[in-house]
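Visitor: I should like to learn how to read the features of a structure that is new to me. May we go through it step by step?

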Amino acid sequence: QVQLQESGPGLVKPSQTLSLTCTVSEDSITTSYYWNWIRQPPGKGLEWMGAIHYSGSTYYSPSLKSRTSISRDTSKNQFTLQLSSVAPEDTAIYYCARGPSLNEYDYWGQGTQVTVSS
C-alpha cells in the first residue's frame, strides 16, 4: 500500500516561504507517476498547485507559478513544496498525492494544516 506523509511547520508568517515535504513509502518517486501538491483553503474546494513527474519535470498552476517551486530528494524518496511570499489567503490544508496524470490522484497523504498569520 502506497503511503504519503506531509510534514512541515503549521504556522508561517506573512511574506515568508512555506516549505512542506512529502515522504513516500512503498513506491518510488523516480519510477512512475506524477507527484502532486494540492491544497484546500477553509470553506473552499481543492486547488491543484503543481507536480513533479517521475522524470523530474515540473508542472505548476498558472495562478501560483511565480511563487511555487517543487523539487525532490531521490535519496530520501521525498518531494518538497516551496511557496514564497505567503499571505493569509494561503492558509489551507496542504496535501500531497500520487497520480497517473496531472488531474487524477489515486493515493493521498492525510493532509497538513498550514496557517499564515503574524
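Guide: What follows is a guided reading of several features, one after another. Please keep in mind that this is a predicted model.

Visitor: Let us begin with covalent links between side chains. How many disulfides are there, and which residues form a disulfide?

Guide: A disulfide is recognised by two cysteine sulfur atoms within 2.5 Å. Here the count comes to one disulfide. C22 and C96 form it, with their sulfur atoms 2.1 Å apart. This pair links distant parts of the chain, since C22 belongs to strand β3 (residues 18–25) and C96 to strand β9 (residues 92–99), 74 residues apart.

Visitor: What is the handedness of the link of C22 and C96, and are the two residues buried or exposed?

Guide: The link is right-handed, with 65° about the S-S bond. C22 and C96 are both buried.

Visitor: I should now like to turn to charged side chains. How many salt bridges are there?

Guide: The general idea is that side chains of opposite charge can pair when their charged atoms come close. In this model the count comes to five salt bridges. One of them joins R39 to E47, with 2.7 Å between the closest N and O atoms.

Visitor: Are R39 and E47 buried or exposed?

Guide: One compares the relative accessible area with the cut-offs: under 20% is buried, over 50% is exposed, and partly exposed lies in between. R39 has 5% relative accessibility and therefore counts as buried. E47 has 23%, so E47 counts as partly exposed.

Visitor: With which other residue does the side chain of R39 meet in a salt bridge?

Guide: The side chain of R39 also meets that of D90, at 2.8 Å from N to O. R39 lies in strand β4 (residues 34–40) and D90 in the loop between β8 (78–83) and β9, so this pair ties together parts that are 51 residues apart in sequence. D90 is buried, as R39 is.

Visitor: Which arginine, apart from R39, forms a salt bridge with D90?

Guide: R67 does, and the closest N and O atoms of D90 and R67 are 2.9 Å apart. This pair, too, links distant parts of the chain: D90 is in the loop between β8 and β9, while R67 is in the loop between β6 (58–60) and β7 (68–73), 23 residues away. D90 has a relative accessible area of 3% and is therefore buried, whereas R67, at 21%, counts as partly exposed. Through shared partners, salt bridges join R39, E47, R67 and D90 into one network.

Visitor: Let us consider aromatic rings next. How many aromatic pairs does the structure hold?

Guide: The structure holds five aromatic pairs. Among them is the pair of Y95 and W108, whose ring centres are 5.6 Å apart and whose planes make an angle of 85°. An angle over 60 degrees counts as edge-to-face, so the pair of Y95 and W108 is described in that way. Y95 is in strand β9 and W108 in strand β10 (residues 107–108), 13 residues apart.

Visitor: Are Y95 and W108 buried or exposed?

Guide: Y95, at 15% relative accessibility, counts as buried, and W108, with a relative accessible area of 34%, is partly exposed. W108 also forms an edge-to-face pair with Y105, at 5.5 Å centre to centre and 75° between the planes. Y105 counts as partly exposed, at 27% relative accessibility. Elsewhere, ring pairs link W35, W37 and F79 into a cluster.

Visitor: Where does the charged end of R98 sit?

Guide: The charged end of R98 sits over the ring of Y33, 3.6 Å from the ring centre. Y33 is placed in the loop between β3 and β4 and is partly exposed, at 26% relative accessibility.

Visitor: Finally, the backbone. Which residues have a positive phi although they are not glycine?

Guide: Y33 is one of these, with a phi of about 75°. Another is S15, with a phi of about 80°. S15 lies in the loop between β2 (11–12) and β3 and, at 59% relative accessibility, counts as exposed.

Terms used. Residues numbered from 1 in each chain as written. Predicted model: local features only at pLDDT ≥ 70, side-chain atom pairs only at ≥ 80, totals over all residues. Heavy atoms only, no water. Helix = DSSP H or I, 4+ residues; strand = E, 2+ residues; numbered from the N terminus. Buried < 20%, exposed > 50% of the residue type's maximum accessible area, 1.4 Å probe, protein only. Salt bridge = Lys/Arg side-chain N within 4 Å of Asp/Glu carboxyl O. Phe/Tyr/Trp six-rings, centres within 6.5 Å; stacked < 30°, edge-to-face > 60°. Lys NZ or Arg CZ within 6 Å of the ring centre and 35° of its normal.
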